[in-house]
Amino acid sequence: MFQLLYSLTRAIEPFLVPICFVSAWVLVMLLGWSLFSAIASATTNAKRMHQIPCAYCVFFTNDPRLKCPVHPTRAMSEEAINCGDFRN
């Protein structure tokens, strides 16, 4: 059993270094792509959240119990981006 394993290891030994080299670079590229994708997603989400006008509305109370008396369920959420009752 060990003799067969030893001969198999000796047979694939010349290919191990290139396989490991390529595998390592593929892993680095996947890590980079994942990091880039996470940053792009976070940037897109942040831009979307900065479109919420509630903080600048005259109806906004800044009270955690009732942020907006006009639309209490939509206040400070994505649903409030195109709020028809927004006033400066």
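In this predicted model, Glu13 and Arg10 join their side chains in a salt bridge, with N and O 2.9 Å apart. The two residues sit 3 positions apart in helix α1, which means about one helical turn lies between them. Neither end of the pair is hidden away: Glu13 is partly exposed with a relative accessible area of 40%, and Arg10 is partly exposed too, at 48%. Side chains of opposite charge can pair when their charged atoms come close.

The salt bridge count for the structure comes to 3. Another of them ties Arg48 to Glu78, where the closest N and O atoms are 3.2 Å apart. This one links distant parts of the chain, as Arg48 belongs to helix α1 while Glu78 falls in the segment after α1, 30 residues apart. Arg48 has a relative accessibility of 38%, so it counts as partly exposed; Glu78, at 39%, gets that label as well. There is also a bridge between the side chains of Arg65 and Asp63, at 3.4 Å from N to O. Here the two partners part ways in accessibility. Arg65 is exposed at 74%, whereas Asp63 is partly exposed, with a relative accessible area of 25%.

Now for the overall picture. The secondary structure is quickly told, with 1 helix and 0 strands in the protein chain. That helix, α1, runs over residues 2-49. The C-alpha trace spans about 80 × 25 × 20 Å along its principal axes. In line with that, the radius of gyration is 28 Å, while a compact globule of 88 residues would come in near 12 Å. Buried residues are just 9% of the 88 in the chain. The accessible surface adds up to about 7,600 Å², and carbon and sulfur atoms hold 68% of that area. Even so, the chain does meet itself across long stretches of sequence: of the contacts with a separation of 6 or more, 51% are between residues 24 or more positions apart.

Part of the surface is a nonpolar patch of about 740 Å². Its members are Phe2, Leu5, Leu8, Ile12, Phe15, Leu16 and Ile19. Phe15, one of these residues, lies in helix α1. With a relative accessible area of 53%, Phe15 clears the cut-off of over 50% and is therefore exposed.

Aromatic rings were searched for over the whole structure, and 1 pair turned up. It is made by Trp33 and Phe36, whose rings are 5.9 Å apart centre to centre and have 45° between their planes, a tilted arrangement. As with Glu13 and Arg10, these two residues are 3 positions apart in helix α1, so about one helical turn separates them. Trp33 and Phe36 are both exposed.

Two backbone details deserve a mention, and both come from the segment after α1. Asn62 is not a glycine, yet its phi is positive, at about 60°. It has 62% relative accessibility and so counts as exposed. Met76 is likewise a non-glycine residue with a positive phi of about 60°. Met76, though, has 40% relative accessibility and therefore counts as partly exposed.

Note on methods
Residues are numbered from 1 along each chain as its sequence is written. This is a predicted model: local features need pLDDT of at least 70, side-chain atom pairs count only at pLDDT 80 or more; totals for chains, interfaces and linings use all residues. Side-chain values use heavy atoms; hydrogens and water are left out. Patches are made of residues with over 30% relative accessible area and no salt bridge: like charges are joined within 9 Å, nonpolar side chains (Val, Leu, Ile, Met, Phe, Trp, Tyr) within 5 Å. Accessible areas come from the Shrake-Rupley method with a 1.4 Å probe; for residues, only the protein chains shown count as cover. A salt bridge is a side-chain nitrogen of Lys or Arg within 4 Å of a carboxyl oxygen of Asp or Glu. Helices (H or I, at least four residues) and strands (E, at least two) are DSSP runs, numbered from the N terminus. Buried means under 20% relative accessible area, exposed over 50%, partly exposed in between (1.4 Å probe, protein chains only). The radius of gyration is taken over C-alpha atoms; the globule rule is 2.2 Å times the number of residues to the power 0.38. Contact means heavy atoms within 4.5 Å. Rings of Phe, Tyr and Trp (its six-membered ring) pair if their centres lie within 6.5 Å; planes under 30 degrees apart count as stacked, over 60 as edge-to-face and the rest as tilted.
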